[in-house]
Amino acid sequence: MPALRTKSISTKGTDEEYAQFEASAGEQTISEWAREVLLKATKPNAGEQTVLAEVLALRTILLNIHFTVSQGRTLTAEEMQQLIERADRNKFRKAQERLAEAATGGVP
């Protein structure tokens, strides 16, 4: 037996906003559509996490290469491989932290 929905969430909107909600809801009621949208917003977006993780890993690699070259050094193949492995190890954790910060407006 499904749990009864006994709690309520409410908001006000302009006529234009309401029209957007109606259009987005399609055949659903606005309440059902809003519930789906709100529930979806509480779950992490795997695509965003993956892209952000890759961007952060790439940023880590590029900054390390730039710093090394600015010191007049060149990277060996082994050093480059170590940079890549370190960036890959940390990328998912960093992506989760950044997404959590964004979700809370920067408040830990």
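## A quick tour of a four-helix model

Setting aside neighbours within four places in sequence, R98 touches L52, L56 and R59. That residue sits in helix α4, one of four helices in the protein, which has zero strands. Keep in mind that this is a predicted model. Here is a look around, starting with the whole chain and then moving to single residues.

**Overall layout**

- Reading from the N terminus, the elements go α-α-α-α, with four helices and zero strands in the count.
- For a compact globule of 108 residues you'd expect a radius of gyration near 13 Å, but this protein comes in at 22 Å.
- Along the principal axes, the C-alpha atoms take up a box of roughly 65 × 40 × 30 Å.
- Take the contacts with a separation of 6 or more: 57% of them join residues 24 or more positions apart.

**Surface and charge**

- Just 12% of the 108 residues are buried.
- The protein shows about 9200 Å² to the outside, and carbon and sulfur atoms account for 57% of that.
- On the charge side, there are 14 positive and 15 negative side chains. The centres of those two sets are 8 Å apart.

**Salt bridges**

- How many salt bridges are there? The count comes to three.
- One of them joins E32 and R5, with an N to O distance of 4.0 Å. This pair ties together distant parts of the chain: E32 is in helix α2 (residues 30–41), while R5 is in the segment before α1 (15–25), 27 residues away.
- E32 also pairs with R35, and here the closest N and O atoms are 2.6 Å apart. These two share helix α2 and are three residues apart, which is about one turn of the helix.
- Put those together and R5, E32 and R35 form a network of salt bridges.
- How open are the members of that network? E32 is partly exposed at 30% relative accessible area, and R35 is partly exposed too, at 27%. R5 has a relative accessible area of 60%, so it counts as exposed, the cut-off being over 50%.
- E79 and R73 make another salt bridge, their closest N and O atoms lying 2.8 Å apart. E79 is partly exposed with 24% relative accessibility, and R73 is partly exposed with 41%.

**Where α3 meets α4**

- Is I61 buried or exposed? It's buried, because its relative accessible area is 12% and the cut-off for buried is under 20%.
- I61 belongs to helix α3. Leaving out neighbours within four places in sequence, its contacts are M80, L83, I84 and A87.
- I84, one of those contacts, is 23 residues from I61 in sequence, yet their C-alpha atoms are 6.4 Å apart in space.
- Back to R98 in helix α4: the residue is partly exposed, with a relative accessible area of 41%. Its contacts beyond four places in sequence are L52, L56 and R59.
- Helix α3 covers residues 46–70 and helix α4 covers 77–103. T76 sits in the loop between them and is partly exposed, at 42% relative accessible area.

**Some distances across the model**

- A41 lies in helix α2 and is exposed, with 62% relative accessible area.
- How far is A41 from Q71? Their C-alpha atoms are separated by 45 Å, with their positions 30 residues apart along the chain.
- From A41 to T76 the C-alpha separation is 44 Å, for positions 35 residues apart along the chain.
- R98 and L38 are 60 residues apart along the chain, and their C-alpha atoms are separated by 20 Å.

Key. Residues numbered from 1 in each chain as written. Predicted model: local features only at pLDDT ≥ 70, side-chain atom pairs only at ≥ 80, totals over all residues. Heavy atoms only, no water. Rg over C-alpha atoms; globule rule 2.2 N^0.38 Å. Buried < 20%, exposed > 50% of the residue type's maximum accessible area, 1.4 Å probe, protein only. Contact = heavy atoms within 4.5 Å. Areas by Shrake-Rupley, 256 points an atom, 1.4 Å probe, with all protein chains shown as cover. Lys, Arg positive; Asp, Glu negative; His and termini not counted. Charge placed at Lys NZ, Arg CZ, Asp CG, Glu CD. Salt bridge = Lys/Arg side-chain N within 4 Å of Asp/Glu carboxyl O.
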